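I set out to record what I looked up in this structure, entry by entry. The topics are surface, internal space and backbone geometry.

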Amino acid sequence: MSDTTTPLSAATAKVPVVSSSIPVSTFTSVSSPTLAAAATAPLQEQDQHHEASKDVVYKILYFKLHGMAATTRIMLALSGALWESIYPQDWANEKHETPFGLMPILYETHLSSNLTLEVPESEAIERYLARKFGFWGRDAWEETAIHVFYCSSKSVLSLYVNKVLLAFPDTKSRELAKFVEKEVPAWIVQHEKWLGRSQTPGFYVGNQLSIADIHSVVCLDRFLTIPECKELFSPEKTPNLFKLKHNLESYPRYTAWMTSPEFEAINISTRQRLAVLKG
Ligand SMILES: N[C@@H](CCC(=O)N[C@@H](CS)C(=O)NCC(=O)O)C(=O)O
């Protein structure tokens, strides 16, 4: 693990100097009630304010790619939490030390107790942080509406990865055409319709940023980089998705993250990886 990762909190606070290596796994070695007590303590404090406790430091372990860590990194940046991205240095060996041998993994260290919670599985991580930082709605209905659109955006993005990017070379262009002609327009229609009815433009639910807003902008940004998809989107054709994007861009912590050197470094290696996959 490198020690060169930059603390990414948009605020001035720096991640306390702890090693940037993968923390020791607590996933199955610490008792469930102990982990539950640690996990809920900051939730109560943060629930109202969307502000992260300064007693807690987050690390997100993933390749130097946006991929499955993009939404988590944005939530961490928006929260004002102390956090950093860490990257595998020797994944073939490190893999066996992790719960499922897959990334991303979130590590949440409580400085006062020195207890580290370890959360594998991208969706579990996203939902955990969304609840903690107030991106998961205020009641059962808000939560459900947010969940519906978050899932819908997750589905269309994973269709792109699994059906198009990972397609065999001889079927890639056919899969891409199907995706652009069918899947993306279906996503646009439903999301434009719902967002168009929202009383507060730029939000899926109420007047609070949620994981649905964040993940759909991750999707939109990804689609805007695909030449065949790009023309489906514009402020005229998809006004509500653009309002969503502009709304998110009005959050200074979001912009600070999106314009940070670390984000740009991840951008560059993501582009290189995508170029290989596109063939
Ligand atoms: N269901 C898992 C899938 C994670 C996954 O497939 N991660 C890939 C990177 S996108 C990985 O860790 N690959 C390395 C490996 O398989 O050794 C999740 O959502 O977190």
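Entry 1, surface. I looked up Phe100 in this predicted model and found a relative accessibility of 49%. Phe100 therefore counts as partly exposed, since that class ends where exposed begins, over 50%. I placed Phe100 in the loop between α3 (91-94) and β3 (105-110). I then noted that Phe100 joins Phe27 and Leu102 in a nonpolar surface patch of about 300 Å².

Entry 2, backbone around the α3 to β3 loop. I found a cis peptide bond from Met103 to Pro104, with omega near 10°. Pro104 lies in the loop between α3 and β3. I marked this bond for the record because most peptide bonds are trans.

Entry 3, the largest pocket. I recorded a volume of about 880 Å³ for the largest pocket. Its lining comprises 31 residues, and Tyr62, Gly67, Met68, Met103 and Val161 lie nearest the centre. The elements giving two or more residues to this lining are α2 (70-79), α4 (122-133), α5 (140-165), α7 (211-224) and α11 (261-278). I noted that α5 gives the most, with 6 residues. By class, I listed the pocket lining as 18 nonpolar, 8 polar and 5 charged residues. Met103 thus appears twice in my notes: at the cis bond to Pro104 and among the residues nearest the pocket centre.

Entry 4, enclosed space. How many cavities of 30 Å³ or more does a search of the whole structure find? I obtained 1. The largest cavity holds about 40 Å³ of space. I listed its lining as Gly134, Phe135, Trp136, Gly137, Glu142, Ile146, Val205, Gln208, Leu209 and Ser210. This lining divides into 5 nonpolar, 4 polar and 1 charged residues.

Entry 5, Gly134. I followed one of the cavity-lining residues, Gly134, to the loop between α4 and α5. Is Gly134 buried or exposed? I entered Gly134 as buried because its relative accessibility is 13%, and the limit for that class is under 20%. The C-alpha atoms of Gly134 and Ile211 are separated by 9.0 Å, although the two residues are 77 apart along the chain.

Entry 6, positive phi. I searched for such angles because most residues other than glycine have a negative phi. Asn114 has a positive phi of about 60° and is placed in the loop between β3 and β4 (115-120). I recorded Asn114 as exposed, with a relative accessible area of 62%. Glu121 has a positive phi of about 75° and sits in the loop between β4 and α4. I recorded Glu121 as partly exposed, at 44%.

Definitions and conventions. Residues numbered from 1 in each chain as written. Predicted model: local features only at pLDDT ≥ 70, side-chain atom pairs only at ≥ 80, totals over all residues. Heavy atoms only, no water. Patch = residues over 30% accessible without salt bridge, like charges linked within 9 Å, V, L, I, M, F, W, Y side chains within 5 Å. Areas by Shrake-Rupley, 256 points an atom, 1.4 Å probe, with all protein chains shown as cover. Salt bridge = Lys/Arg side-chain N within 4 Å of Asp/Glu carboxyl O. Helix = DSSP H or I, 4+ residues; strand = E, 2+ residues; numbered from the N terminus. Buried < 20%, exposed > 50% of the residue type's maximum accessible area, 1.4 Å probe, protein only. 1 Å grid on protein atoms, 1.4 Å probe; cavity = no way out; pocket = protein on both sides within 12 Å on 5 of 7 lines; lining within 4 Å. Points joined across faces, edges and corners; volume = space filled by probe spheres on them. Nonpolar A, V, L, I, M, F, W, Y, C, P; charged D, E, K, R; others polar.
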